[in-house]
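Open your viewer and keep the selection tool handy. We will go from stop to stop, and at each one I will tell you what to pick and what you will find.

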Amino acid sequence: MENCIFCKIVQGEINANFVYRDGEIVVFRDIKPKAKHHILVVPVEHVESLLDLQDKHFSLLTKMIKVIQQLVKEHKLDSAYKLMVNGGKYQEVPHLHLHLLAD
Ligand code: AMP
Ligand code: ZN
């Protein structure tokens, strides 16, 4: 998607502090962290928001959750973490992403 900052990160046109990536998901640190660990879990496919997810995306969503389980375990964040999805006027970047916040 043209002019989408997260598509540009996915395509390597804009740099990011990557934590994980595979063919379907990229994970990088938020540029303005709101917690000690503020990690964004982003599908490679440009899906605008939570409300745009269709049946065909649900295996991708499951995979995003599995990646988050791994991140929490690997980075030893299990004592205090939370997940967040913004929508509507709370969503600054119109490319679906899960925020993983942790101490
Ligand atoms: P949201 O309000 O859920 O759309 O959140 C978008 C998040 O993306 C914010 O927390 C921003 O700080 C973060 N963000 C915006 N641009 C970048 C970027 N180039 N690299 C990393 N994080 C970014
Ligand atoms: Zn995008």
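## First stop: ligand 1

Select ligand 1 together with H99: an oxygen atom of the ligand is 2.7 Å from an N or O atom in the side chain of H99. Before you zoom further, bear in mind that this is a predicted model.

Now add E92 and V93 to the selection. For E92, a backbone N or O atom lies 2.8 Å from an oxygen atom of ligand 1. V93 also offers a backbone N or O atom, 2.8 Å from an oxygen atom of the ligand. Switch on the surface if you like: the protein covers 92% of the 510 Å² of accessible area that ligand 1 has on its own.

How many residues surround ligand 1? There are 17, and the closest are D30, E92, V93, H97 and H99. Keep H99 in view, as the next stop starts from there.

## Second stop: H38, by way of H99

Which side chain does H38 join through a polar contact of 2.8 Å? Show both side chains and you will find that the partner is H99, whose side chain also has an N or O atom 2.7 Å from an oxygen atom of ligand 1.

H38 sits in strand β3, which spans residues 37-43. With a relative accessibility of 2%, H38 counts as buried. Look also for K34, whose backbone nitrogen lies 3.0 Å from a polar atom of the H38 side chain.

To see the surroundings, select the residues in contact with H38, leaving aside neighbours within four places in sequence: F28, R29, D30, K32, P33, H99, L100 and L101. D30 may be familiar from the first stop, as one of the closest residues to ligand 1.

## Third stop: the zinc ion

Next, select ligand 2, a zinc ion, and its protein donors: C4 (SG), C7 (SG), H46 (ND1) and H95 (ND1). These atoms lie 2.0 to 2.3 Å from the ion. Along the chain, the donors follow the spacing C-x2-C-x38-H-x48-H.

Why does the arrangement count as tetrahedral? The four donor atoms subtend angles of 105 to 117° around the zinc ion, and four donors count as tetrahedral if all angles lie between 85 and 135 degrees. If you measure angles in your viewer, the ideal value to hold in mind for four tetrahedral donors is 109.5 degrees.

Colour by secondary structure and compare two of the donors. C7 lies in helix α1 (residues 5-10) and H95 in the loop between β4 (81-84) and β5 (98-102), so this pair ties together parts that are 88 residues apart in sequence. Both C7 and H95 are buried.

## Fourth stop: around H95

Stay with H95 and centre the view on it. Is H95 buried or exposed? At 0% relative accessibility, H95 counts as buried. Pick E45 too: its backbone oxygen lies 3.4 Å from a polar atom of the H95 side chain.

Leaving aside neighbours within four places in sequence, the residues in contact with H95 include the other zinc donors C4, C7 and H46. Also among them are F6, V42, P43, V44 and E45.

## Fifth stop: V44

From H95, step across to V44, in the loop between β3 and α2. V44 counts as partly exposed, with a relative accessibility of 28%.

Try a distance between C-alpha atoms here: V44 and V10 are 34 residues apart in sequence and 6.2 Å apart in space. V10 is one of the contacts of V44 outside its sequence neighbours, along with D22, G23, E24, I25, V26 and H95.

## Sixth stop: L83 in strand β4

Now pick L83, which belongs to strand β4. Its relative accessibility of 42% makes L83 partly exposed. Beyond residues up to four places away in sequence, L83 touches I65, I68, H99 and L100. That brings H99 back into view.

## Last stop: two backbone angles

Finish with N3 and K76. N3 has a positive phi of about 65° although it is not a glycine; look for it in the segment before α1. N3 is exposed, with a relative accessible area of 66%.

K76, another residue other than glycine, has a positive phi near 55°. You will find K76 in the loop between α2 (58-74) and β4, exposed at a relative accessible area of 67%.

Methods:
Residues are numbered from 1 along each chain as its sequence is written. Chains are lettered from A and ligands numbered from 1 in the order in which they are written. This is a predicted model: local features need pLDDT of at least 70, side-chain atom pairs count only at pLDDT 80 or more; totals for chains, interfaces and linings use all residues. Side-chain values use heavy atoms; hydrogens and water are left out. Donors are N, O and S atoms within 2.8 Å of the metal (3.2 Å for Na, K and Ca); water is not among the atoms, so sites may look incomplete. Four donors count as tetrahedral if all angles lie between 85 and 135 degrees; four count as square planar and six as octahedral if opposite donors are over 155 degrees apart and all others between 65 and 115; anything else is irregular. Helices (H or I, at least four residues) and strands (E, at least two) are DSSP runs, numbered from the N terminus. Buried means under 20% relative accessible area, exposed over 50%, partly exposed in between (1.4 Å probe, protein chains only). Contact means heavy atoms within 4.5 Å. A residue is near a molecule or strand if one of its heavy atoms lies within 4 Å of it. A polar contact is a pair of N or O atoms within 3.5 Å; within protein, one must be able to donate a hydrogen and the other to accept it, and residues adjacent in sequence count only if both atoms are side-chain atoms. Accessible areas come from the Shrake-Rupley method with a 1.4 Å probe; for residues, only the protein chains shown count as cover.
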